[in-house]
Amino acid sequence: SKWESSLAEAEVSKARGEQAAQLVKEMRTAYYKDLDSYREQIYRRKKAEEAGINFFPNEVEHFDPSDYIIDADVKRIVEDKVAWLQDQHQEQVGKLRETIVSLYDQLQTKGLHLKTKDKLLTRVIEE
């Protein structure tokens, strides 16, 4: 009957609503965990700077929006964006590695120059 069909639809809608509420609750919890972690890192960075110590942040990711995507088109768009961001990240990491290698080479060269100067200075002093 029409009444039973309406009742069944209402039950399905109620279940969807409860599922959506649970999903939002999980999203909120993960999001707040990330915020708390970031706040803690900001605090620790400030303390490290005050103490003159280097601070290296931890990567934090409790909240991943792609975990909560239902629509296939939106999921594809998010996956494309994530892939692009990963490429950008890898490009930056590559540039940083090149910089590190260059700086290391410069330090090695400076070290060799200092050793040579020390040897010459020792010779001059000994003469």
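**Pocket, helices and salt bridges of the model**

A space of about 260 Å³ lies in the largest pocket. The structure described here is a predicted model. The lining of the largest pocket is made up of E59, V60, E61, F63, D64, P65, S66, V82, L85, Q86 and H89. By residue class, this lining divides into five nonpolar, three polar and three charged residues. Empty space of this kind is revealed by rolling a probe the size of a water molecule over the atoms.

Helix α1 covers residues 2-51. With 50 residues at 1.5 Å a residue, α1 should span 74 Å, and the distance of 73 Å between its end C-alpha atoms agrees with that expectation. Just after α1, G52 adopts a positive phi of about 75 degrees. The buried residues of the helix are A30, D34, Q41 and A48. D36, which also lies in helix α1, is by contrast partly exposed, with a relative accessible area of 46%. The C-alpha atoms of D36 and K46 are 15 Å apart in space, for a separation of 10 residues in sequence.

Two of the buried positions in α1 were examined through their contacts. Q41 is part of helix α1 and has a relative accessibility of 8%; because this is under 20%, Q41 counts as buried. When residues up to four places away in sequence are not counted, Q41 touches F55, P57, N58 and V60. Of these partners, V60 is also among the residues that line the largest pocket. A30, likewise found in helix α1, has a relative accessible area of 7% and is buried. With the same exclusion of residues up to four places away in sequence, A30 touches H62, F63 and Y68. A30 and E61 stand 31 residues apart along the chain, yet their C-alpha atoms are separated by 8.3 Å. E61 is itself one of the residues lining the largest pocket, as is F63.

The contact between A30 and Y68 leads to the segment that follows α1. Y68 is placed in the loop between α1 and α2. At 16% relative accessibility, Y68 counts as buried, because the limit for burial is 20%. Beyond residues up to four places away in sequence, Y68 touches L23, E26, M27, A30 and F63. F63 is therefore a contact of A30 as well as of Y68, and the three residues touch one another. At a separation of 51 residues along the chain, the C-alpha atoms of Y68 and K119 are 66 Å apart.

Helix α2 comprises residues 72-126. V82, L85, Q86 and H89 are among the residues lining the largest pocket, and R76 and D80 also belong to this helix. The side chains of R76 and D80 meet in a salt bridge, with 3.6 Å from N to O. R76 and D80 are four residues apart in helix α2, so about one helical turn separates them. R76 is partly exposed, with a relative accessible area of 46%, and D80 counts as partly exposed at 46% relative accessibility.

A further salt bridge in α2 joins E91 and K95, whose closest N and O atoms are 3.5 Å apart. Because E91 and K95 are four residues apart in helix α2, they too are separated by about one helical turn. E91 counts as partly exposed at 39% relative accessibility, and K95 is partly exposed with a relative accessible area of 42%.

In helix α1, K47 forms a salt bridge with E50, and the closest N and O atoms are 3.8 Å apart. K47 and E50 are three residues apart in α1, so the distance between them along the helix is about one helical turn. K47 is partly exposed, with a relative accessible area of 40%, whereas E50 counts as exposed at 53% relative accessibility. An α-helix has 3.6 residues a turn, so residues three or four places apart point the same way. In total, the count comes to five salt bridges, among them K47 with E50, R76 with D80 and E91 with K95.

Technical notes
Residues numbered from 1 in each chain as written. Predicted model: local features only at pLDDT ≥ 70, side-chain atom pairs only at ≥ 80, totals over all residues. Heavy atoms only, no water. Helix = DSSP H or I, 4+ residues; strand = E, 2+ residues; numbered from the N terminus. Buried < 20%, exposed > 50% of the residue type's maximum accessible area, 1.4 Å probe, protein only. 1 Å grid on protein atoms, 1.4 Å probe; cavity = no way out; pocket = protein on both sides within 12 Å on 5 of 7 lines; lining within 4 Å. Points joined across faces, edges and corners; volume = space filled by probe spheres on them. Nonpolar A, V, L, I, M, F, W, Y, C, P; charged D, E, K, R; others polar. Salt bridge = Lys/Arg side-chain N within 4 Å of Asp/Glu carboxyl O. Expected span 1.5 Å × (residues − 1). Contact = heavy atoms within 4.5 Å.
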